[in-house]
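User: I have a structure open and would like to talk through some helix packing and the cysteines. Could you take me through it?

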Amino acid sequence: MTDKSANLVLGNKSVELAVKSGTIGPDVIDIGSLYKQTGAFTYDPGFTSTASCESKITYIDGEEGVLLHRGYPIEQLAEHGDFLETCYLLLYGELPTAAQKKDFDYRVTHHTMVHEQMTRFFTGFRRDAHPMAVMCGCVGALSAFYHDSTDITDPHQRMVASLRMIAKMPTIAAMAYKYHVGQPFVYPKNDLDYASNFLHMCFAVPCEEYKVNPVLARAMDRIFILHADHEQNASTSTVRLAGSSGANPFACIAAGIACLWGPAHGGANEAALNMLTEIGSVDRIPEYIARAKDKNDPFRLMGFGHRVYKNYDPRAKIMQKTTHEVLSELGHKDDPMLQVAMELERIALTDEYFVEKKLYPNIDFYSGITLKAMGFPTTMFTVLFALARTVGWIAQWAEMVEDPQQRIGRPRQLYTGAPKRDYVPVSKR
Ligand code: SDX
């Protein structure tokens, strides 16, 4: 941190505020004492210019389209590693040695089963319940089963809860899918890797042997890596805020799942595919581009734009490559949806509205096409995002809990409501 400072003049008050520098990225102005010194709050709805915390986990450069996890570029992690290696890196801060990786994989693999009583939760839902609603309910309920890892002051319990969350999310997600399609649950198999195990739990049936396609398993694993963490996005900020009150990690992750569900956030992958389906053919694209530009039309191009990336989302490039691999493997390379997506992207990247507003495809633009080709219904897309993002949420939650400066998050407001006034009896209203 440097001894730089910023001066703020407010009326007849002049205050000096400390400026802190990180390893890379923008400086921050420490306004912690601003209210005490000036009686004024800062105002930043949507937090476009606000750093909510100090973190060592993920760095994003929106202008350059850079995404680093503990300093390692997402392109290299997606190319050379696997999802559990990225989980280890996010949780512990360093890439694992071969021995550490083996031990971590073993520990995660041996936490993949859920308490058998959890199956009762699913029968309480309608079969057509949205799987994200099921995930919110079931993940929140995990704290009803795992009392021995809810004491957040105990580092061992924090790590057990983290492992349990990473290990059990695929099982719960697969159960949500199986319940949705009316098929029996499939138990995890310890001889399968993380992504293969998930695909097996989703698509195996008791009647026949299910062979996991290694190309699809690699693609699934890479999709998990691309969604693992993303700095202080809306759902991660939700998890941090929930955790700042001392809530148990399962409840905090359930809060993150609820936030991710929104179409402006993780729900965009489902919305993007629904949009591509609605457009239907290349010749209808201009109509939708016009709607996206029309200020009186709430329609937006789902899968485009980002609060931070004002250049191409680096994950979208890798996602696009994975999409082509999966569609080729499955013989869908002429998928009309892909044709619409590629033409829509080509037009949007040359249209002055999108160029001027720096609206590029984000990770959600191509993920839906890939997941649909792999056999998932659109209602499962955000569930898969939540599955992958769980490690980011839990790593950020742990960092917050371990931060000595940590306090309960409690923002203030600009009040524009009625001034103080006296009660009026109903007879006089
Ligand atoms: C994710 O934060 C994260 O890191 C999220 C995420 C992660 O990994 O956690 O990356 C995952 O959520 C990706 C984003 C998925 N959402 C979508 O694809 C939904 C469509 N995109 C938009 O809703 C929007 O771009 C947001 C929500 C992503 C960003 O919104 P901002 O930063 O608040 O930007 P904005 O809404 O103020 O838009 C700026 C301008 C506006 O025009 P003006 O009012 O300035 O004239 O761009 C326009 C918007 O109208 N605009 C779009 C648009 N997105 C923004 N116009 C058409 N189509 C779009 N998609």
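Analyst: What follows covers two helix pairs, the cysteines and one threonine, and the model under discussion is a predicted one.

User: Fine, helices first. At what angle do α3 and α7 pack?

Analyst: Helix α3, spanning residues 83–92, packs on helix α7, which covers residues 155–181, at an angle of about 155°, and their axes lie 12 Å apart. Since angles over 145 degrees count as roughly antiparallel, that angle makes α3 roughly antiparallel to α7.

User: And which hand does the crossing of α3 and α7 have, left or right?

Analyst: The crossing in which α3 passes α7 is right-handed.

User: Which residues meet there?

Analyst: From α3 the contact takes in L84, C87, L91 and Y92, and these meet M159, S162 and I166 of α7. By residue type, the contact of α3 with α7 consists of six nonpolar residues and one polar residue, with no charged ones.

User: What about α7 and α18, how are they arranged?

Analyst: Helix α18, residues 381–402, packs with α7 at an angle of about 170°, and the two axes are 9 Å apart. The two helices, α7 and α18, are therefore roughly antiparallel to each other.

User: Which side chains are we talking about, by residue?

Analyst: On the α7 side the contact residues are R158, S162, M165, I166, M169, P170 and A173, while α18 contributes V383, A386, L387, T390, V391, I394, W397, V401 and E402. That contact of α7 with α18 divides into twelve nonpolar, two polar and two charged residues. S162 and I166 of α7 appear in this contact, and S162 and I166 also meet α3.

User: Switching topic: how many disulfides are there?

Analyst: Searching the whole structure gives zero disulfides. C202, for example, is in none, and its nearest cysteine sulfur, that of C138, is 14 Å away.

User: Is C202 buried or exposed?

Analyst: C202 counts as buried, because its relative accessibility is 1%, and the cut-off for buried is under 20%.

User: And why is C252 without a bond to another cysteine?

Analyst: The closest cysteine sulfur to that of C252 belongs to C259 and is 13 Å away, which is too far for a bond; a disulfide would require the sulfur atoms to be within 2.5 Å. C252 is also buried, with a relative accessible area of 0%.

User: Last one, where does T277 sit?

Analyst: T277 lies in helix α12, which runs over residues 268–279, and with a relative accessibility of 45% T277 counts as partly exposed. The C-alpha atom of T277 is separated by 10.0 Å from that of A341, a residue 64 residues apart from T277 along the chain.

Conventions
Residues numbered from 1 in each chain as written. Predicted model: local features only at pLDDT ≥ 70, side-chain atom pairs only at ≥ 80, totals over all residues. Heavy atoms only, no water. Axes fitted to C-alpha atoms, helices over the stretch in contact; angles between N-to-C directions. Helix = DSSP H or I, 4+ residues; strand = E, 2+ residues; numbered from the N terminus. Parallel < 35°, antiparallel > 145°, perpendicular 65-115°, else oblique. Left-handed = near helix turned anticlockwise from the far one by under 90°. Contact = heavy atoms within 4.5 Å. Nonpolar A, V, L, I, M, F, W, Y, C, P; charged D, E, K, R; others polar. Buried < 20%, exposed > 50% of the residue type's maximum accessible area, 1.4 Å probe, protein only.
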